[in-house]
Every structure is written in C-alpha cells, then in structure tokens.
Amino acid sequence: GGVGKTTIARALYTRLSPIFQHSAFMGNIKETYRRISLDDYGSKLHLQEEFLSKLINHKDVKIPHSGVVRERLKDKRVFVVLDDVDELEQLIALAKEPRWFGSGSRIVVTTQDRQLLKAHGIDLVYKVELPSRLEALEIFCQSAFGQKHPPCVGIRELALQVTHLAGYLPLGL
C-alpha cells in the first residue's frame with residue numbers, strides 16, 4: 001500500500017477515458033464491498049448497479065439479475081478501472097470474462113494481491129516498484145518545498161533521512 005497504484009491508475013484513466021465509448025473509475029472497491037450489508041448475491045448485484053450507473057452515466061441504475069452487465073455491455077467499447085480489489089468475488093461481479101465487453105475494451109485492476117489476478121486468469125500484470133532514492137527525494141522535495149531539489153545544501157541530508165524513514169513510499173513522502 002502507498003506505492004502509487006491508484007495514482008497511476010487515475011492518471012491512465014484521465015488520459016485514456018476520452019477515447020472510449022464508455023468509461024468508469026470504480027475507486028476503493030474493497031471498502032465499497034465491505035459497506036454493503038447484503039447477502040453475497042445482493043452485494044454483487046449492488047456493485048454491478050453502481051458499476052453500470054458510472055459506466056452509462058445514469059444515477060441509481062437498478063438491475064433485476066446479474067446477467068444485465070453482460071447484456072448491456074457486450075457490444076460496447078469500454079475503459080474501466082477497478083481500484084483496490086481484494087476479493088475474487090469482486091472481479092467476478094464486475095468483469096467476469098472479456099466477452100462481457102465489446103471489442104477493444106480495456107479493464108485495469110489495482111490490487112495488493114497478485115494471486116488474485118492469477119486466480120482470475122489475468123496474465124498482463126504491471127508491478128509498481130518503489131521509486132529510487134533520487135526519485136523519492138524529488139517526490140518529497142516537490143511536496144515539501146514545491147521544487148524537485150532541496151532549497152539549500154543543509155536541507156539535503158535531512159530530506160534524504162526523511163525519504164529513507166518513509167521507506168521511499170510515495171504516499172508517505
């Protein structure tokens with residue numbers, strides 16, 4: 001956590017969503033799924049309703065069964081970000097298989113659990129690495145001082161210590 005998966009996914013979404021017929025950024029799915037106090041099927045249906053609402057830009061979409069997502073989107077070219085997924089059931093509810101979406105669609109999933117991606121058959125994985133020592137220093141300085149480098153020589157060592165103590169995690173920096 002804190003390495004920048006969501007930040008990268010948001011930047012990708014901002015850049016690519018305009019070229020797709022329909023797009024949606026489903027943020028913090030883990031928390032959304034936990035807040036739903038329904039049985040398993042009801043929780044999946046609720047997630048799908050929220051998903052369709054965002055994707056087709058209509059508030060409070062209600063669906064009678066779980067097959068509606070596939071029926072409504074099978075011929076639509078979509079771009080979707082599923083952020084912070086932590087259970088296979090969430091992926092099954094929102095993007096069970098590629099044929100749910102039209103040709104050329106792209107689904108981006110962020111998770112801390114690489115095994116979850118494998119279990120769903122996702123082969124194309126980008127692992128976000130921690131920034132280098134120099135990159136971490138630049139991230140910290142940009143945030144703390146509004147510039148890429150420490151404002152004076154005496155601050156550099158202190159800034160290096162801070163980046164080390166933050167574990168080079170961008171969110172901590």
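Reader: What is the relative accessible area of glutamate 97?
Author: Glutamate 97 has a relative accessible area of 23%, which makes it partly exposed. Buried means under 20% relative accessible area, exposed over 50%, and partly exposed in between, with a 1.4 Å probe and protein chains only. This is a predicted model, where local features need pLDDT of at least 70, side-chain atom pairs count only at pLDDT 80 or more, and totals for chains, interfaces and linings use all residues. Residues are numbered from 1 along each chain as its sequence is written, and side-chain values use heavy atoms, with hydrogens and water left out.

Reader: Which side chain does glutamate 97 meet in a salt bridge?
Author: Arginine 99, at 2.3 Å from N to O. A salt bridge here is a side-chain nitrogen of Lys or Arg within 4 Å of a carboxyl oxygen of Asp or Glu. Arginine 99 counts as exposed, at 64% relative accessibility.

Reader: Which residues do shared partners join into one network?
Author: Asp40, Lys44 and Glu89 are joined by salt bridges that share partners.

Reader: How far apart are the closest N and O atoms of lysine 44 and glutamate 89?
Author: 2.5 Å. Lysine 44 is in helix α3 (residues 40–56) and glutamate 89 in helix α5 (residues 88–95), so the pair ties together parts 45 residues apart in sequence. Helices (H or I, at least four residues) and strands (E, at least two) are DSSP runs numbered from the N terminus.

Reader: Lysine 44, buried or exposed?
Author: Buried, at 18% relative accessibility. Glutamate 89 is partly exposed at 27%.

Reader: How many salt bridges in the whole structure?
Author: The search finds 7. One of them pairs lysine 76 with aspartate 75, closest N and O atoms 3.7 Å apart.

Reader: Switching to pockets. What is the volume of the largest pocket?
Author: About 1,100 Å³. Its lining has 32 residues, and those closest to the centre are Val108, Val109, Leu117, Ile122 and Leu124. A pocket is an open set of points on a 1 Å grid over the protein atoms alone, where a 1.4 Å probe fits, with protein on both sides within 12 Å along at least five of seven lines; lining residues have an atom within 4 Å of a point. The volume is the space filled by probe spheres set on the points, which are joined across faces, edges and corners.

Reader: Which elements each supply at least two residues of that lining?
Author: α1 (5–16), β3 (106–109) and α6 (114–119).

Reader: And the second largest pocket, what volume?
Author: About 260 Å³. Of its 17 lining residues, Gly2, Gly4, Lys5, Thr6 and Leu171 lie nearest the centre.
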